[in-house]
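Reader: I've got the sequence and the fold open on my screen. Can you walk me through the terms you use, and show how each one is earned?

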2 protein chains.
Amino acid sequence: MTSPQQHSLKETKGSDRNHIGVALGQQVIDVGALQEQRLFTGPILSQKGSCFRKEHLNEFMSLGTSAWAEARATLQRLLSSSEGAVRDNRKLIEAAVVPLASVAMQLPAQIGDYTDFYVSKQHAFNCGALFRGPGHELQPNWVHMPVAYHGRSSSILVSGQNIKRPWGQALTPGSLNPEVVPSKALDFELEMGCFIGSGNGLGESIPVDGADSQIFGMVLLNDWTARDIQKWEYVPLGPFNGKNFATQISPWIVTSEALKPFLCEAPEQQPPVLPYLQESKRSTYDIHVAADIIPAGSDLHYRVARTNFQTMYFTWPQMIAHHTLGGCNLRPGDLLGSGTISGGGPGQRGCLLEATCGGREPLQLTPVVNEEVPQDVDDTRRAQRLMRTYLNDGDMVIMSGWCENSSGEQLSFGTCQGAVLPSHKLL
Amino acid sequence: MTSPQQHSLKETKGSDRNHIGVALGQQVIDVGALQEQRLFTGPILSQKGSCFRKEHLNEFMSLGTSAWAEARATLQRLLSSSEGAVRDNRKLIEAAVVPLASVAMQLPAQIGDYTDFYVSKQHAFNCGALFRGPGHELQPNWVHMPVAYHGRSSSILVSGQNIKRPWGQALTPGSLNPEVVPSKALDFELEMGCFIGSGNGLGESIPVDGADSQIFGMVLLNDWTARDIQKWEYVPLGPFNGKNFATQISPWIVTSEALKPFLCEAPEQQPPVLPYLQESKRSTYDIHVAADIIPAGSDLHYRVARTNFQTMYFTWPQMIAHHTLGGCNLRPGDLLGSGTISGGGPGQRGCLLEATCGGREPLQLTPVVNEEVPQDVDDTRRAQRLMRTYLNDGDMVIMSGWCENSSGEQLSFGTCQGAVLPSHKLL
Ligand SMILES: [Ca+2]
Ligand SMILES: [Ca+2]
Ligand SMILES: [Mg+2]
Ligand SMILES: [Mg+2]
Ligand code: NI
C-alpha cells in the first residue's frame, strides 16, 4: 500500500462518458478499464463484472463491506511493484492511467436522498443562542437524538462549481413585512458527508452496533446557507429555500477502509442515550477540517475555522440507527451530512453565523501561514486583514480535510471549493 | 374523447418489466406498444421514438406541454371508433390492450426529490392551535409564502402497499424523558400531489405566470404521519422520522390536460402577496377529495373527511415559483405535495390530528352511504359507529378524488389506499 488515498473512489470524466477512478498520487486509475480486463478475480467481484463500468458508484456501494475490502485488496495487489498484470501491460496502462490534472470531477453517486444532521453540540448551542436567545439554546430533544432534516438532492454539486447568490424572502430588521432580495447573509457550513453502502429495506431498522458497515466513505460537505432566508422561513417546518439552492461535496470519497487507521474514541454522552443508540464501542474518526475564504482576485487563504470531526456528539452509526428507527429505507449512494462542525473556541466555529455572532461582530481574518500560501507572499501581504460578516460576491469558500496519526500515516480529503457568483436576474 | 380518464398516464406491470399505460374504461393501453409501431406521428413524438418504451414517465414528462398535448391528440385519434390503425390490428390489440384488473400498479416516475407544502390555511391554523396554542396559530410567514419542507423520496409508495406502524422517540405526556415506542398516534394527511414536467436549471427561477406549464399532472397523496414522533422531534429543523417511513400516492396521474374542464378561481389572498407570487389570473382545480377508514375485517367505509382542493390558499404555480425563487432546480418527475386539505367545518378536516383536536376528542365515525357501500348492508350495520382517535393496526386508509362540472363532465382520480400493519421487531 503506497498511500491510503489510492482507495478514494470517484467518477472521472473522459471524452465520452464518466468513468469510475481511484486516485494514486498524481494519477487516476480507471478501475472500469481494469475490470474490462477481468482483473478483479476475487470471489465477489468476479461475479460482478460491470460494477466499475458504470457512470456512478451506486452498484459497487450496494455490494457491502466484503466487496469493498476485496476491491481494495485486489487494487493493492495489482498496483504493487511486484505484480506484472498492470505494470507490464503498456496498452492497459495507456487506457487506464490518467493524469489527475486532466480529469474533470463529477458527483460520485446518484444521490437518491440527502439528509442533513445537526450533531455538533457546540454548533447547536451557538445557533440556538442566536436564533432563540439565552435559556433556549439546546432544544429538549437535542441530547436524546441526532436531530436531522431532509435536504434537497437536485442541487448537490461537486467541488469546483460556483454558486449564485440566491434570491429569497427575508425580513429587514425592524420591519414586519418581508421583501424579496438577493440574500444579504450568505454563509457556508463546514461539514462532513457520509455515503451509504448497502442500505436497508423499507420497514427495517439498522441496529446501531454494526451500522458502521453502512459507511461506504466520507467527503467534505459545504451546506451553503442563506441566513436571512432561513431565519424567516424555518418555523415551523425547517429550512427550505435557505438551503436548497446548493450543497457541495469534495469529489473523492475516502472509503471507510482507508479511514480505519484514524478511528478514535467518540465523546461521552450525558445523559445516557436510549438503548437503540447505545454503542458497545463508541468510535468515530479523527479528521482535521478547515474552512477558508479566498477573496476575489487574491491568492491568499483567509482562515475562518479549523476544527475536528471527532468532536461530534453523535456518531454515524447513531445517525444511521436513528434515521432507520421508524423503518425509513436508506438506499446505496444516499448522502448524510453531519451538520456544521464547531469547536468551543474562537477560530473553531464552522460557519459565519456562529463566527460573527449572528452577523453582529464582523471577523478580521488573517491568511493561513502554511504551504498553501504562495512562497513569494511578503510579510506586508501576510499581515493584511480581511473583514467579513457574511460572504461577498467573488469569495471562494475552500474547505479542506486531512488525517494524520502517531504512526505517521496521512490521508487527505482534498478540497471542497466554490465561489459566490452574483445573483441571477429575476424576470 | 370517451372519457378524460383515458389521459391518465401511468406505469403498469407486465410479466417482464414495467410498462407505461393509459387507462380507458376498464382497459389499459400500453402506449409503449403503440410507439413501437410508430403510431405517434406528430412533429415532436415522431422524433422521440422511445419516450413511452421506458419503465418510468420521466422522459415524457421532460418534453413539456406541446409534447403532452400532441400525445393526447394522437391517442384520441388512434382510439376513436373511426380510426382503423388500432381497431383493425388484432395483433396490436392483443399486445397493447390489457384488462385493468390484471395490472399491478407501480410508481409512475423516478422521483428525484419530493417536497411537501402546507398551503391549506384552515389546516395550518388548526395545527398551529394544537401544537402552539391560541394566539400562535399562524406563523407570521404563513400568509407571505407557501411554506414547505423537503420530504423523503425513498419511502414513496404506490396505492395498495401497506404501512408498518413506525417506531420512534416520543414523550409520554407528563414525562421529561422520551421513550422508544411504536407510534401511538399514527395519522394520515389527505393531500394532492403534483408531478413536475420539464423543470428548470439550477440558478434559474420559474416565473409564477406560466408555471402551470410545469404541472404534468396530479395524484392523490397520503402523507402518513406519526404525531407523537413528529411533536417531539420537529423543533427546530422540521419533521423527520415522524414522516419518512411512508408517503403514498394514487398510481394514475391525471394530466393537467385532462383537468382543464375543472379549472376554477383560487381564493383571494389578503394581505397581497409579494410580486413574484402575484398571478395575472388566479386559477386552481375543483377537485373533491375524501378520506375514509375501513377497519380490519369490515367492508364499510367510515368517512373522516370530505373537502375540496380549490380551498387551498396558494396555487401550484405559486408553490413552483416559490420553490425556485432562490434558483433551486426542479427535475422532471419531482413530486410536490400540497399539504393537508382541510375545510373549516367538522367533517372537512383532512387528518385525525385536526379532526380529534389533537387526540383529545375521539371521533364517532359513520359509514359512507353511497355506491361504495355494498348493497346488502342492512340498516343496523349502517348505523354502527366506529370510534377512532388515531389509526389502529388493521385500519385501511382509503382516499378518493373526483371532479364533476356543470357540463356533466366527470373525472376520477381512483384511490390511494394502504392498511396499517403492526410495527416490526426491533433487534
Ligand atoms: Ca447543515
Ligand atoms: Ca403533509
Ligand atoms: Mg445545502
Ligand atoms: Mg410522508
Ligand atoms: Ni472513455
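Reader: What makes B:Asp223 and B:Thr247 protein donors of the magnesium ion (ligand 4)?

Author: A donor is an N, O or S atom within 2.8 Å of the metal (3.2 Å for Na, K and Ca), and sites may look incomplete since water is not among the atoms. B:Asp223 (OD) and B:Thr247 (OG1) lie 2.2 Å from the magnesium ion, so both pass the cut-off. One caution: this is a predicted model, where local features need pLDDT of at least 70 and side-chain atom pairs count only at pLDDT 80 or more, while totals for chains, interfaces and linings use all residues. Residues are numbered from 1 along each chain as its sequence is written, chains are lettered from A and ligands numbered from 1 in the order written, and side-chain values use heavy atoms, without hydrogens and water.

Reader: Why do you say that the pair B:Asp223 and B:Thr247 ties together parts of the chain?

Author: B:Asp223 sits in the loop between strands E14 (215-222) and E15 (225-226) of chain B, and B:Thr247 in strand E16 (residues 247-249), so the parts they tie together are 24 residues apart in sequence. Strands (E, at least two residues) and helices (H or I, at least four) are DSSP runs, numbered from the N terminus.

Reader: Why is B:Asp223 called buried?

Author: Buried means under 20% relative accessible area, exposed over 50%, partly exposed in between (1.4 Å probe, protein chains only). B:Asp223 has 1%, so it is buried; B:Thr247, at 2%, is buried as well.

Reader: Which residues are the protein donors of the calcium ion (ligand 2)?

Author: They are B:Asp116 (OD), B:Glu189 (OE), B:Glu191 (OE) and B:Asp223 (OD), at 2.2 to 2.4 Å from the ion. Along the chain their spacing reads D-x72-E-x1-E-x31-D. B:Asp116 in strand E6 (residues 114-117) and B:Glu191 in strand E13 (residues 190-196) are 75 residues apart, so this pair links distant parts of chain B. B:Asp116 counts as buried at 1% relative accessibility, and so does B:Glu191 at 0%.

Reader: What makes B:Asp113 and A:Arg152 a salt bridge?

Author: The term asks for a side-chain nitrogen of Lys or Arg within 4 Å of a carboxyl oxygen of Asp or Glu. Here the N to O distance is 3.5 Å, so the pair qualifies. The count between chain B and chain A is 4 salt bridges.

Reader: How many residues does each chain bring to the contact?

Author: Chain B brings 63 residues and chain A 63 residues, with contact meaning heavy atoms within 4.5 Å.
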